[in-house]
Amino acid sequence: MGARRRQGRWASELRMPRTRTRLWIGTFGSPEEAALAYDAAIFCFYGARIPRSRRFNFPNAPRPNIPEHIRLGLTISNIRAIAGNYARKLAVYFAPPPPPAQVAEAAPAPAS
């Protein structure tokens, strides 16, 4: 699970804790957004202490600011919304840089 390409967009999904059920998080315009949404959803389920079988795609990224007592009561709809908003906000910081602009070679000076 995690982020994968699906029909021209990037999908994010995960397996629900303690079950084999898939949780569809959503589709996104870039792989970075999908990966960030996955990270936010994993955080919503486990907090900062995720199991060894799970990994954050961006381990140094800030996590959603959700108090522990609220995080424990989140619904699936809440998690999807939090993950989508988090991904859209942070994706601009993790997007690959644009390719360098090609500089046209200067024409040689005419011979006098």
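Let me start with Glu32, which is buried, meaning under 20% relative accessible area, with over 50% called exposed and anything in between partly exposed, using a 1.4 Å probe and protein chains only, and which nevertheless has no salt bridge. By salt bridge I mean a side-chain nitrogen of Lys or Arg within 4 Å of a carboxyl oxygen of Asp or Glu. The nearest side chain of opposite charge to Glu32 is Arg5, and that is 9.5 Å away, where Lys and Arg count as positive, Asp and Glu as negative, and His and the chain ends are not counted.

Before going on, I should say that this is a predicted model, in which local features need pLDDT of at least 70 and side-chain atom pairs count only at pLDDT 80 or more, while totals for chains, interfaces and linings use all residues. Residues are numbered from 1 along each chain as its sequence is written, and side-chain values use heavy atoms, with hydrogens and water left out.

What, then, is Glu32 in contact with, leaving aside its neighbours within four places in sequence? With contact taken as heavy atoms within 4.5 Å, the partners of Glu32 are Phe58, Phe94, Ala95 and Pro96.

Glu32 lies in helix 1, and here helices are DSSP runs of H or I with at least four residues, strands are runs of E with at least two, and both are numbered from the N terminus. Of the 16 residues of helix 1, 14 are buried, so this helix is largely enclosed by the rest of the structure. Its geometry can be checked as well: the expected span is 1.5 Å times one less than the number of residues, which gives 22 Å for helix 1, and the end C-alpha atoms are 23 Å apart, in agreement. Just after helix 1 comes Gly47, with a positive phi near 75°.

Helix 3, residues 76–94, contains Ile79, and Ala91 is found in helix 3 too. Ala91 is buried, with a relative accessible area of 7%, and its C-alpha atom is separated by 5.9 Å from that of Glu32, although their positions lie 59 residues apart along the chain. Not counting residues up to four places away in sequence, Ala91 touches Glu33 and Leu36. Ile79, at 3% relative accessibility, counts as buried, and its contacts beyond four places in sequence are Leu23, Ala41, Cys44, Phe45 and Leu74. For the pair Ile79 and Phe45, a sequence separation of 34 residues goes with a C-alpha to C-alpha distance of 8.4 Å.

It is worth setting beside this the pair Pro67 and Glu33, which are 34 residues apart in sequence and 23 Å apart in space, again C-alpha to C-alpha. Pro67 sits in the loop between helix 1 (31–46) and helix 2 (68–71), and with a relative accessible area of 37% it is partly exposed.

How many salt bridges does the structure hold? There are 2. In one of them, Glu68 meets Arg71, with the closest N and O atoms 2.5 Å apart; being 3 residues apart in helix 2, Glu68 and Arg71 are separated by about one helical turn. Glu68 is partly exposed at 44% relative accessibility, whereas Arg71 is buried at 6%. The side chains of Glu13 and Arg22 also meet in a salt bridge, at 3.7 Å from N to O. Here Glu13 is buried at 5% relative accessibility, while Arg22 is partly exposed at 48%. Arg22 is found in strand 3, and its C-alpha atom is separated by 24 Å from that of Leu90, 68 residues away along the chain.

Another arginine, Arg18, lies in the loop between strand 2 (9–15) and strand 3 (22–28), and is exposed, with a relative accessible area of 81%. Most residues other than glycine have a negative phi, but Arg18, which is not a glycine, has a positive phi of about 65°.

Finally, the rings. Arg63 lies over the face of Phe56, at 3.7 Å from the ring centre, the rule being that NZ of Lys or CZ of Arg is within 6 Å of the ring centre and within 35 degrees of the ring normal. As for aromatic pairs, the count comes to 0, where rings of Phe, Tyr and Trp (its six-membered ring) pair if their centres lie within 6.5 Å, planes under 30 degrees apart counting as stacked, over 60 as edge-to-face and the rest as tilted.
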